[in-house]
Amino acid sequence: MLTRIVLVGLICYSLASPARACGPGRGYGRRRHPRKLTPLAYKQYIPNVAEKTLGASGRYEGKITRNSERFKELTPNYNPDIIFKDEENTGADRLMTQRCKDKLNSLAISVMNQWPGVKLRVTEGWDEDGHHSEESLHYEGRAVDITTSDRDRSKYGMLARLAVEAGFDWVYYESKAHIHCSVKAENSVAAKSGGCFPGSARVSLESGGTKSVKDLKPGDRVLAADDEGKLVYSDFLMFLDRAEATRRVFYVIETREPRRRLPLTAAHLLFAGEPEGTGSGQALPKATYASDVRAGQLVYIADGDEDGDGRRLRPAQVEKVYLEEMAGAYAPLTVQGTLVVNQVLASCYAVVEQHALAHWAFAPVRMSYAAKSLFSPSDPLMSNSTVQENGVHWYSSALYQIGTWILDSAALHPLGMTLDSS
């Protein structure tokens, strides 16, 4: 019965706000209509950040040679729908990482659909001869330069757009003669952004004291905030994503007076505002991606000691934001949809910068919880259908997959695109 409630809710909300890992995915409240794709302009790149940054394809990890251990990371691409220039006649242009291969194969289909009779053409793939600039991702098999088989340069702006739609992590209309595309590393922490907080992050319990995020159990009542910005205790429901063994890069938001330190992934939401016109006791300010928070902005902390005895929120100014790699990745969900972590208020959601909409999308989960509490008040959330020990929760995963059919990728945070099931 309860499973049916959730499934019905899934179908309903899939037409609204699909979700993934630690937050919402694409789309809300509309049917999908054919979109008019806009070609990239010459010298434009998407996303609008440097290629070797976390928001794009990530840092350079070192040149791969045929004699290196990492050579096994490369796989040949023999897709007959792709033409490889292979001017060296060594097959090097066919070698690439699996992620690059997947995106390239997807793009090949789009090219044939866009221009019948035209194929995708790769002019440069893996480079073993040093023909590119220092630290080029071509040396790792993570970059390709592409054209169309007819070499019609009037098509290249649209080709770049199709590459963006195919899922390349960085696309650059680099030259009048080709488009440059690249992807994240297979083992890059930047490519695994499902988890939201490291395992060492702490939450405050209604029963007193604190607990590590990784040790949360269904039914724990933890410090959160309601939609009016008042501190309340809220039931912990489940992990939307849980990855114990992973290591990921977190944005660390550090405040001054009092000093608080909140690590969370780039696409995760927390409540931040500008110094003017903010204060305690008001409705929560706009939810903001962690990667967009800047020094000088205000976040909201729980007054009181580290054990969570405070009963009000107050603004605290961000002193600095920096990156740090930490162990574990956990995306807890509460009934309120908010959570006070390391004494700083954050949303339970990510990927789409709309906290209220994300909270609405998870209404079926809260309905299931309420029903189980009613019929089995002593043990409302211990069934395996609601709690996932490790990996992305099925509800988030299903909503994300459906969401990919509804909206384009522009609505999503660039680091929230990869669905990590580890």
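Trainee: In what order do the six strands of the open sheet run?

Mentor: First off, this is a predicted model, where local features need pLDDT of at least 70, side-chain atom pairs count only at pLDDT 80 or more, and totals for chains, interfaces and linings use all residues. Residues are numbered from 1 along each chain as its sequence is written, and side-chain values use heavy atoms, leaving out hydrogens and water. Strands here are DSSP runs of E with at least two residues, numbered from the N terminus, and two of them pair if DSSP finds at least two bridges between them. The pairing in this open sheet is mixed, and the order is 3-9-10-8-7-5.

Trainee: Which strands sit at the edges of that sheet?

Mentor: Look for strands that pair on one side only. Those are strand 3 (45-46) and strand 5 (82-84).

Trainee: Is strand 10 largely enclosed or not, and how many of its residues are buried?

Mentor: Buried means under 20% relative accessible area (exposed is over 50%, partly exposed in between, with a 1.4 Å probe and protein chains only). On one side of strand 10, His-178, His-180 and Ser-182 are buried, and on the other Ile-179 and Cys-181 are too. Strand 10 spans residues 178-182 and is largely enclosed by the rest of the structure, because the buried count is five of the five.

Trainee: In which sense does strand 10 pair with strand 8 and strand 9?

Mentor: Strands of a sheet pair through backbone hydrogen bonds, either parallel or antiparallel. Strand 8 (residues 143-148) makes four bridges to strand 10, with Ile-146 partnering Ile-179. Strand 9 (residues 170-175) also has four bridges to strand 10, and the two form a hairpin with two residues between them. For both pairs the sense is antiparallel.

Trainee: Which residue of strand 10 stands opposite Trp-170 and Ala-143?

Mentor: Trp-170 has its opposite number in strand 10, and so does Ala-143. For Trp-170 it's Ser-182, and for Ala-143 it's also Ser-182.

Trainee: How many residues does the largest nonpolar core have?

Mentor: A nonpolar core is a set of buried Ala, Val, Leu, Ile, Met, Phe, Trp, Tyr and Cys residues joined through side-chain atoms within 4.5 Å. In the largest one, Phe-197, Leu-262, Leu-270 and Leu-333 have the most contacts inside it, and the total is 54 residues.

Trainee: And which strand gives that core its largest share?

Mentor: The share is nine residues, and they come from a strand covering residues 231-255. That's strand 14.
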